[in-house]
Amino acid sequence: MSNKVVSLLPPLFELTRWRVREFMREPEAIFWVFAFPILLALALGIAFQSRAPQAIRIAVEGGQGAAELASVLDEDEGLEVRVLAPDEAQNALRTGRVPLVVVPGAPVAFRYDSTREESHLARLLTSDVLQRASGREDVREIRELRVTEPGARYIDFLIPGLIGMNIMGTGLWGVGFAIVRTRSRKLLKRFLASPMRRSHFLLAHMLARLVFLAFEVTAVLLFGHFVFGVPVEGSIFAITVVVVVGAMSFSGLGILVASRPETIEGVSGLMNLVMVPMWIMSGVFFSWSHFPESVQPLIQILPLTALNDALRAVMLDGAPLAATASMLLIMTVWAVGCFGVSLKIFRWS
């Protein structure tokens, strides 16, 4: 393309093309954008793949009647029973190696930590086994309907969360780092001397993110679908809209965070301050509903929460785009608000 033709192209297009080329010269950035999410999905998918429940390991305190009691409990496939001396059993309970210690006697005693969820589960199962062994009969018949179909597994919950986390990470780090690195090299001062608009410079970083967005999201989606059978119930159009709006919100946040810092160390601290709370609270690895109800309204207005919820609604539930309107609105407000504030406080040096 001749210099004459290039000069006629809009400045925003030229700045976006510059940012894309700069990104392509960074092999480590390409790894974190494309390879890392797939490796993370593979590791977590293997670690949390659907499998039969593990037997609960409990201890029977040694003494009179311990062997007979352990024999009764060990007949249930859901329990793994060990007879331990009193001191050993107490130490195993204290260190978390067993959630429950059964003490023989009349009546049988259960020793457990009431603050541990697995201890309550072990107590219920052990009590049920003992009651049945003593002749108890259920007065009401229960029919079990076990669900193992795609969409109800942990890996199905996890993949949309990893996509959202990757969009957040690449939006903040990819945009914020690039701006601060350019500022730290004193290159922004040269831009200041040009007729380029500040809005064009900032928008170019946001638009350059969209160039790679389709590849990074598609890679994780295809990996999850073909390797772990993660369903994609909703339309590709709805997923695309959710992903683009989410990417713009985090690009805007990345620009805002990078508007003032002059060093990589400075922007790194701000990035972690912004991202870590959302990693924990926004439902990447577990549902945000586990947090107290008093803080849930604040969690729901975080951009990563909105993105993850919208992705799961479309991918797993097949929800139409209209059903994600409130989540799209939250992300749009973050994108527009952050970009607007950045235009006011951004500095070139």
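These legends go with four views of a predicted model.

**View 1. The whole chain, a mostly helical count with a few strands listed alongside: 14 helices and 4 strands.**
Start here to get your bearings before zooming in. The protein chain has 349 residues, and 41% of them are buried. Its accessible surface comes to about 19100 Å², with 61% of that belonging to carbon and sulfur atoms. As for how the chain meets itself, take the contacts between residues at least 6 apart in sequence: 72% of these join residues at least 24 apart.

**View 2. Helices α10 and α13 packed against each other, with axes that come within 10 Å.**
Helix α10 covers residues 236–257, while α13 runs over 303–315. Two packed helices are described by the angle between their axes and the distance between the axes. Here the axes cross at roughly 170°. Angles over 145 degrees count as roughly antiparallel, so that label fits α10 and α13. On the α10 side, the contact is made by Ala238, Ile239, Val242, Val243, Gly246, Ser249 and Phe250. Facing them from α13 are Pro303, Leu304, Leu307, Ala310, Leu311, Val314 and Met315.

**View 3. Ile301, in the loop between α12 and α13.**
Helix α12 spans 296–300 and α13 spans 303–315, with Ile301 in the loop between them. Is Ile301 buried or exposed? Neither, quite: its relative accessibility is 44%, and buried would need under 20% and exposed over 50%, so Ile301 counts as partly exposed. Which residues does Ile301 touch, leaving aside its neighbours within four places in sequence? Those contacts are with Ile330 and Trp334. For another distance in this view, look at Val333: it sits 32 residues from Ile301 along the chain, and their C-alpha atoms are separated by 10.0 Å.

**View 4. A nonpolar surface patch of about 480 Å².**
Five names to find in this one: Leu42, Ile46, Leu222, Phe226 and Val227 make the patch. Which helices supply at least two residues each? They are α3 (27–47) and α9 (198–228). Helix α9 gives the most, with 3 residues. Leu42 is the one to pick out on α3. With a relative accessible area of 33%, Leu42 lies between the 20% and 50% cut-offs, and that is why it is called partly exposed.

Conventions:
Residues are numbered from 1 along each chain as its sequence is written. This is a predicted model: local features need pLDDT of at least 70, side-chain atom pairs count only at pLDDT 80 or more; totals for chains, interfaces and linings use all residues. Side-chain values use heavy atoms; hydrogens and water are left out. Buried means under 20% relative accessible area, exposed over 50%, partly exposed in between (1.4 Å probe, protein chains only). Contact means heavy atoms within 4.5 Å. Patches are made of residues with over 30% relative accessible area and no salt bridge: like charges are joined within 9 Å, nonpolar side chains (Val, Leu, Ile, Met, Phe, Trp, Tyr) within 5 Å. Accessible areas come from the Shrake-Rupley method with a 1.4 Å probe; for residues, only the protein chains shown count as cover. A salt bridge is a side-chain nitrogen of Lys or Arg within 4 Å of a carboxyl oxygen of Asp or Glu. Axes are lines fitted to C-alpha atoms, for helices over the stretch in contact, and angles run from 0 to 180 degrees between N-to-C directions. Angles under 35 degrees count as roughly parallel, over 145 as roughly antiparallel, 65 to 115 as roughly perpendicular and the rest as oblique.
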